[in-house]
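Me: I've got a structure open and want to talk it through. Can you help me read it?

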Amino acid sequence: IAQVPVNQLVMHKLLINQAAWSQGLAATQALGVVFDGVARHTPEGYAFQARAMEAGFKTAVHERDAPFE
């Protein structure tokens, strides 16, 4: 990639970004924001916030993610 002229890199970046947008990236990002907001206001979300304040963020994340390791 270091050998590719900058103008070609820019064109490829635009091409890839356009493909992502046409596949619904904007709608996916908007939906992700909504889901994130909903997830924070559930019993599990409130429990995670309380645990993070009690034990620290890293510990809360480790405990939350441990079953998936």
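Reply: Sure, one term to begin with: buried means under 20% relative accessible area, exposed over 50%, and partly exposed in between, with a 1.4 Å probe and protein chains only. By that rule phenylalanine 57, at 56% relative accessibility, counts as exposed.

Me: And what kind of model is it?

Reply: This is a predicted model, where local features need pLDDT of at least 70, side-chain atom pairs count only at pLDDT 80 or more, and totals for chains, interfaces and linings use all residues. Residues are numbered from 1 along each chain as its sequence is written, and side-chain values use heavy atoms, with hydrogens and water left out.

Me: OK. How many aromatic pairs does the structure hold?

Reply: One. The ring centres of phenylalanine 48 and phenylalanine 57 are 6.1 Å apart and the planes are at 80°, so this is an edge-to-face pair. The rule: rings of Phe, Tyr and Trp (its six-membered ring) pair if their centres lie within 6.5 Å, and planes under 30 degrees apart count as stacked, over 60 as edge-to-face and the rest as tilted.

Me: Is phenylalanine 48 buried or exposed?

Reply: Neither label fits: with 22% relative accessibility, phenylalanine 48 is partly exposed.

Me: What lies over the face of phenylalanine 48?

Reply: Arginine 64, at 5.1 Å from the ring centre. A charge sits over a ring if NZ of Lys or CZ of Arg is within 6 Å of the ring centre and within 35 degrees of the ring normal.

Me: Where is phenylalanine 48 found?

Reply: In helix H3. Helices here are DSSP runs (H or I, at least four residues), as strands are (E, at least two), numbered from the N terminus. C-alpha to C-alpha, phenylalanine 48 is 47 Å from valine 4, with their positions 44 residues apart in sequence.

Me: Switching to pockets. What volume does the largest pocket have?

Reply: About 160 Å³. On a 1 Å grid over the protein atoms alone, a cavity is a set of points where a 1.4 Å probe fits but cannot get out; a pocket is an open set with protein on both sides within 12 Å along at least five of seven lines, and lining residues have an atom within 4 Å of a point. Grid points are joined across faces, edges and corners, and a volume is the space filled by probe spheres set on the points.

Me: Which residues line the largest pocket?

Reply: Asp36, Ala39, Arg40, Thr42, Glu44, Gly45, Phe48 and Gln49. Helix H2 (25–40) and helix H3 (43–55) each give at least two residues to that lining, and H3 has the largest share, with four. By type, the lining has two nonpolar, three polar and three charged residues.

Me: How long is H3, end to end?

Reply: H3 has 13 residues and reaches 18 Å from its first C-alpha to its last, close to the 18 Å expected at 1.5 Å a residue. The expected span is 1.5 Å times one less than the number of residues. Just after H3, glycine 56 has a positive phi of about 105°.

Me: And what about helix H1?

Reply: H1 (residues 6–22) has 17 residues, which should span 24 Å, and its end C-alpha atoms are 24 Å apart, in agreement. Glycine 24 follows H1, with a positive phi near 100°.

Me: Where does asparagine 17 lie?

Reply: In helix H1. Asparagine 17 is partly exposed, at 34% relative accessibility.

Me: Last one: is phenylalanine 35 buried or exposed?

Reply: Exposed, with a relative accessible area of 54%. Phenylalanine 35 has its place in helix H2.

Definitions and conventions
Nonpolar A, V, L, I, M, F, W, Y, C, P; charged D, E, K, R; others polar.
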